[in-house]
Amino acid sequence: MNSFTGQHILSVNQFDREAVEKVFSVADNMTPYAARHKRTTVLEGAILGNLFFEPSTRTRVSFGTAFNLLGGEVRETTGMSNSALAKGESLYDTARVLSGYSDVIAMRHPDIGSVAEFAQGSRVPVINGGDGANEHPTQALLDLYTIAKERQSFGQPIDGLHIAMIGDLKFGRTVHSLATMLSLFSNIKFTLVSPKDLGMPSKVCDVITSAGHELVISDNFEGLSEADICYQTRIQEERFESQEMANQYRGKFRLNQKIYTQHFKSQTVIMHPLPRDSRAEANELDNDLNIHPNLAIFRQTDNGVLVRMALFALILGVAHKVQDFDRAVHWYTNKHQN
Amino acid sequence: MNSFTGQHILSVNQFDREAVEKVFSVADNMTPYAARHKRTTVLEGAILGNLFFEPSTRTRVSFGTAFNLLGGEVRETTGMSNSALAKGESLYDTARVLSGYSDVIAMRHPDIGSVAEFAQGSRVPVINGGDGANEHPTQALLDLYTIAKERQSFGQPIDGLHIAMIGDLKFGRTVHSLATMLSLFSNIKFTLVSPKDLGMPSKVCDVITSAGHELVISDNFEGLSEADICYQTRIQEERFESQEMANQYRGKFRLNQKIYTQHFKSQTVIMHPLPRDSRAEANELDNDLNIHPNLAIFRQTDNGVLVRMALFALILGVAHKVQDFDRAVHWYTNKHQN
Amino acid sequence: MNSFTGQHILSVNQFDREAVEKVFSVADNMTPYAARHKRTTVLEGAILGNLFFEPSTRTRVSFGTAFNLLGGEVRETTGMSNSALAKGESLYDTARVLSGYSDVIAMRHPDIGSVAEFAQGSRVPVINGGDGANEHPTQALLDLYTIAKERQSFGQPIDGLHIAMIGDLKFGRTVHSLATMLSLFSNIKFTLVSPKDLGMPSKVCDVITSAGHELVISDNFEGLSEADICYQTRIQEERFESQEMANQYRGKFRLNQKIYTQHFKSQTVIMHPLPRDSRAEANELDNDLNIHPNLAIFRQTDNGVLVRMALFALILGVAHKVQDFDRAVHWYTNKHQN
């Protein structure tokens with residue numbers, strides 16, 4: 001990807017290492033706006049079409065917030081039951097029509113490939129906010145950006161990282177995309193910990209090994225003491241055929257303060273794509289770690305705003321002039337203390 | 001209608017030819033804003049109440065976008081199940097309350113006459129975005145505006161037009177309103193093509209003939225070779241008593257490249273109110289016409305933004321000073337190439 | 001409450017008389033903006049997270065409008081079925097994540113105590129927009145602000161007021177909160193009129209009497225001729241165990257022009273928290289009073305915008321500099337005539 005301007009963002013496969021680092025560099029520049037040290041009006045008058053044909057509160061609001069923080073307006077739609085798609089309208093028609101109403105589109109849809117199909121009809125750039133089990137590239141970017149920043153705080157690059165990915169690695173779109181994007185870097189060690197039936201797909205393992213990275217497969221927490229990142233995932237129960245099948249994995253790969261101390265070094269950073277199930281019987285990541293300084297899960301969602309701001313700025317060709325439209329923040333905030 | 005300022009827009013019957021031409025003249029002035037050559041802040045700080053008690057993604061987003069393009073903010077509501085209306089609140093009360101929250105309201109509601117009833121309680125101007133089978137005046141305006149612009153590209157006025165209206169003319173609110181508004185002009189020829197059971201209501205035929213226009217009624221595609229506009233409509237299957245009744249009309253009035261070439265002249269412009277059903281068994285307007293330069297269906301929805309911008313500007317009394325608030329567009333766009 | 005800046009607004013119990021009067025003083029200053037004499041950009045670039053996990057059109061739109069009128073942007077969510085909360089996410093996690101997306105949050109949720117629990121995880125100030133049967137402090141503030149302004153128009157303070165509260169006083173969260181907040185003032189007379197089974201909870205009666213106010217309990221309209229305020233409430237039928245139980249109270253405490261004239265003095269101001277059921281068989285407050293100058297019910301909802309503007313301005317620390325960001329209103333309005 002030579003230039004982001006005017007491009008769709010549909011897949012992690014569009015990104016080479018240089019493109020990823022470009023996004024991260026622009027995301028860094030977005031920090032003072034998200035922290036409310038200042039604000040910018042660079043996209044004042046621009047309109048985001050935030051089209052969530054499959055509802056997702058946090059991803060939708062994160063995209064909308066990112067666009068607002070750049071000064072733009074947001075027009076939204078949530079759900080599909082009443083839309084024209086339900087009356088047999090093609091994604092091409094929907095795209096042609098709705099792309100007349102905005103300058104850029106962020107879209108989620110339950111069907112694999114739907115966002116790419118939509119993009120073919122769209123007259124404005126489209127960012128994939130998730131198309132079923134397929135792709136969710138901004139999640140991979142925010143995860144990797146978080147890894148980069150956490151590593152930076154220890155004075156280290158992404159290269160040379162040891163990451164443990166834990167839980168449901170079969171159905172977890174998040175870990176597939178993150179593993180793919182991490183493989184763009186050098187000398188990564190992946191330890192993949194999952195129930196045997198929920199292992200990482202061979203397609204993703206091939207990406208890792210053919211890029212020359214180290215791959216260890218396990219079904220327990222041994223051998224993780226040198227992991228820099230512990231990336232925990234939710235057992236996505238709706239992916240199973242029955243609740244009974246889901247139940248047999250409940251709690252098996254649970255992480256809490258005691259297990260963390262027993263198996264990981266004190267610098268290991270804990271990540272999770274969220275939401276996590278915090279009910280007593282189903283913790284995949286216990287609340288007793290909430291105050292742990294290495295728990296990065298809420299830094300991940302905060303970083304999601306920065307990464308989405310960066311993508312909007314790059315796609316709309318304003319990344320280099322955001323600061324030309326700086327304004328002061330007049331109101332109370334403690335965001336910069338977070 | 002002598003002046004638009006402060007007026008409700010509830011029905012096509014409010015419009016005389018002069019009023020229609022006023023809207024079109026203002027819509028022309030809106031083109032550079034929608035094309036992103038520049039932007040305006042004339043309504044910065046104004047609030048649209050976008051009240052869709054019956055959901056409609058494209059109409060709702062079109063109104064919201066039009067208001068954003070003039071610099072204003074949008075507060076929305078979609079659906080009715082949880083609203084106070086469901087608890088026995090009158091439309092009068094709803095209107096009195098909600099009109100305290102905005103400067104102008106766009107409203108859709110499933111019940112005939114509901115928007116007019118709401119307008120009586122409202123303390124701000126109300127635009128009818130569709131009240132059941134009754135009225136949808138902005139659709140008629142955008143259709144007629146599209147006709148005017150397509151004719152203009154051939155160097156011709158609306159007067160003297162030959163329009164073929166095809167499909168379900170009985171339940172199609174769109175064609176009723178368009179025929180009524182077209183009748184304000186001179187020397188129009190209407191060829192109405194439909195299954196016998198789905199013919200144009202006599203009330204609308206009377207409007208056409210009493211204004212002195214030519215009216216031809218048909219149930220097939222013969223005699224359309226001189227039509228300037230082919231206005232195709234969706235068989236609205238939810239209007240039939242049973243799916244069986246709906247099915248017998250499926251595909252009968254289908255338009256595709258072959259049928260178009262066979263029955264129409266090469267200048268005939270193809271229109272459709274959208275959405276169209278693009279499933280294989282039910283095409284009313286085939287995708288093989290998508291690249292035809294005379295296919296105006298997406299120019300219609302684009303024009304909808306211009307017409308709605310014009311109505312907001314006229315109703316709020318700013319049509320003459322939009323340009324006083326011009327600002328530059330700083331971001332990437334290819335909209336002006338559309 | 002010494003200072004509002006950065007504070008959550010969760011309960012009427014946070015307010016002493018001085019705090020209430022501070023809100024009202026700021027609300028007074030907001031009048032020219034709501035009346036469209038001018039506008040302000042003081043919160044331009046700020047973002048409200050308007051999180052309605054339980055839908056409520058008017059309260060949601062009122063909060064959003066108030067924030068827009070101060071120049072800010074609004075990101076919203078409505079309903080809970082598709083949210084992460086339904087997948088077992090804790091309110092703490094939801095709050096940590098969503099508070100990263102805005103500068104301040106207004107929140108409604110069906111569960112008692114949920115908003116306070118959410119506030120503990122939130123990194124930005126939270127305003128309670130209603131947590132089930134528990135609290136709805138902005139409704140109490142707008143009711144009391146309306147009382148203050150209506151009294152003012154008769155040249156009188158809140159102190160010394162005689163208020164009649166009528167209808168379902170058991171389940172009506174509104175009257176509980178209003179009675180509590182009124183008790184901060186001096187020498188109030190409360191006449192509580194309800195079916196015996198729907199009387200005011202003893203907890204609220206204790207607040208009234210322990211503050212030294214006069215309390216009269218009744219089940220009919222006698223003895224109300226000197227009431228300054230008649231606060232009528234809806235029999236909230238969804239609170240009853242069965243429709244039959246609800247039906248026996250229908251119409252018993254109905255107020256119409258004839259009953260008003262018979263039982264109240266000509267200055268008595270009529271209030272109601274809205275929505276009211278305006279169906280013929282169920283009027284709690286008849287439409288024949290709609291043109292009565294003392295009917296304050298729509299002034300209440302208008303005042304709700306002023307009170308919410310005041311709270312936002314106070315919490316975000318800009319109450320004293322709103323006017324520094326004044327701008328002219330360029331568009332048509334008749335709001336100042338309302």
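## Strands 2 and 3 of chain C

In this predicted model, strand 2 (residues 47-52) of chain C runs parallel to strand 3 of chain C, and six bridges join the pair. Within this pairing, Phe52(C) is found opposite Thr78(C) of strand 3. To get from strand 2 to strand 3, chain C passes through helix 2 (residues 57-69), and the resulting β-α-β crossover is right-handed.

Strand 3 of chain C covers residues 73-78, and six of its six residues are buried, so the strand is largely enclosed by the rest of the structure. Its side chains alternate in direction: Glu73(C), Arg75(C) and Thr77(C) point one way, while Val74(C), Glu76(C) and Thr78(C) point the other way. Residues on both sides of the strand are buried.

## The surroundings of Ser102(C)

Where does Ser102(C) sit in chain C? Ser102(C) belongs to the loop that links helix 3 (91-98) to strand 4 (104-109) of chain C. Ser102(C) has 27 C-beta neighbours inside 10 Å and therefore counts as buried.

Apart from neighbours within four places in sequence, the contacts of Ser102(C) are Thr65(A), Ile47(C), Leu48(C), Gly49(C), Arg75(C) and Val124(C). One of these contacts, Thr65(A), is in chain A. Another, Arg75(C), is one of the residues of strand 3 described above. Ala116(C) is 14 residues away from Ser102(C) along the chain, and the C-alpha atoms of the two are 18 Å apart.

## How the chains are related

Two copies of a chain are related by a rotation about an axis and a shift along it. For chains A and C, a turn of 120° with a shift of 0.0 Å along the axis lays chain A on chain C, and the RMSD is 0.0 Å. This is the relation of a three-fold axis. The C-alpha of chain A nearest that axis belongs to Glu73(A), at 4.7 Å.

Chain B is superposed on chain A by a rotation of 120° and a shift of 0.0 Å along the axis, with an RMSD of 0.0 Å. In chain B, Glu73(B) has the C-alpha nearest the axis, 4.8 Å from it.

## Contacts between chains

Which elements of chain A give two or more residues to the side that touches chain C? The contact itself involves 28 residues of chain A and 30 residues of chain C. On the side of chain A, the elements giving two or more residues are helix 2 (57-69) and helix 10 (297-315). Helix 2 of chain A has the largest share, with seven residues. Sorted by class, this side of chain A contains 10 nonpolar, 11 polar and seven charged residues.

The contact of chain B with chain A takes 28 residues from chain B and 30 residues from chain A. Helix 2 (57-69) and helix 10 (297-315) of chain B are the elements that give two or more residues to the side of chain B touching chain A. Helix 2 of chain B supplies the largest share of that side, seven residues. The side of chain B has 10 nonpolar, 11 polar and seven charged residues.

## The two domains of chain A

Chain A is divided into domain 1, made of residues 12-136 + 304-337, and domain 2, residues 138-298. Their C-alpha centres are 26 Å apart. Where the domains of chain A touch, domain 1 contributes 17 residues and domain 2 contributes 16 residues.

On the domain 1 side of this contact, helix 1 (17-34), strand 5 (126-131) and helix 10 of chain A each give at least two residues. Helix 1 of chain A gives the largest share, five residues. The classes on this side are 10 nonpolar, three polar and four charged residues.

## Backbone details

The peptide bond from Leu274(A) to Pro275(A) is cis, with omega near 0°. Pro275(A) is part of the loop between strand 10 (269-271) and helix 10 of chain A. In chain C, the bond from Leu274(C) to Pro275(C) is cis, with omega near -5°. Pro275(C) lies in the loop between strand 10 (269-271) and helix 10 (297-315) of chain C.

Arg36(B) is not a glycine, yet its phi is positive, about 65°. Arg36(B) is placed in the loop between helix 1 (17-34) and strand 1 (39-40) of chain B. Is Arg36(B) buried or exposed? Arg36(B) counts as buried because 20 C-beta neighbours lie inside 10 Å, and 20 is the number at which a residue becomes buried.

Definitions and conventions. Residues are numbered from 1 along each chain as its sequence is written. Chains are lettered from A and ligands numbered from 1 in the order in which they are written. This is a predicted model: local features need pLDDT of at least 70, side-chain atom pairs count only at pLDDT 80 or more; totals for chains, interfaces and linings use all residues. Copies are superposed by least squares on the C-alpha atoms of residues with pLDDT of at least 70 in both. Two residues are in contact if their C-beta atoms, placed from the backbone, lie within 7 Å. Helices (H or I, at least four residues) and strands (E, at least two) are DSSP runs, numbered from the N terminus. Ala, Val, Leu, Ile, Met, Phe, Trp, Tyr, Cys and Pro count as nonpolar, Asp, Glu, Lys and Arg as charged, and the others, Gly among them, as polar. A residue is buried if 20 or more other C-beta atoms lie within 10 Å of its own, exposed if 12 or fewer, and partly exposed in between; C-beta atoms are placed from the backbone. Two strands pair if DSSP finds at least two bridges between them. A crossover is right-handed if, with the strands pointing away from the viewer, the path from the first strand over the helix to the second runs clockwise. Domain bounds come from an automatic or database domain assignment.
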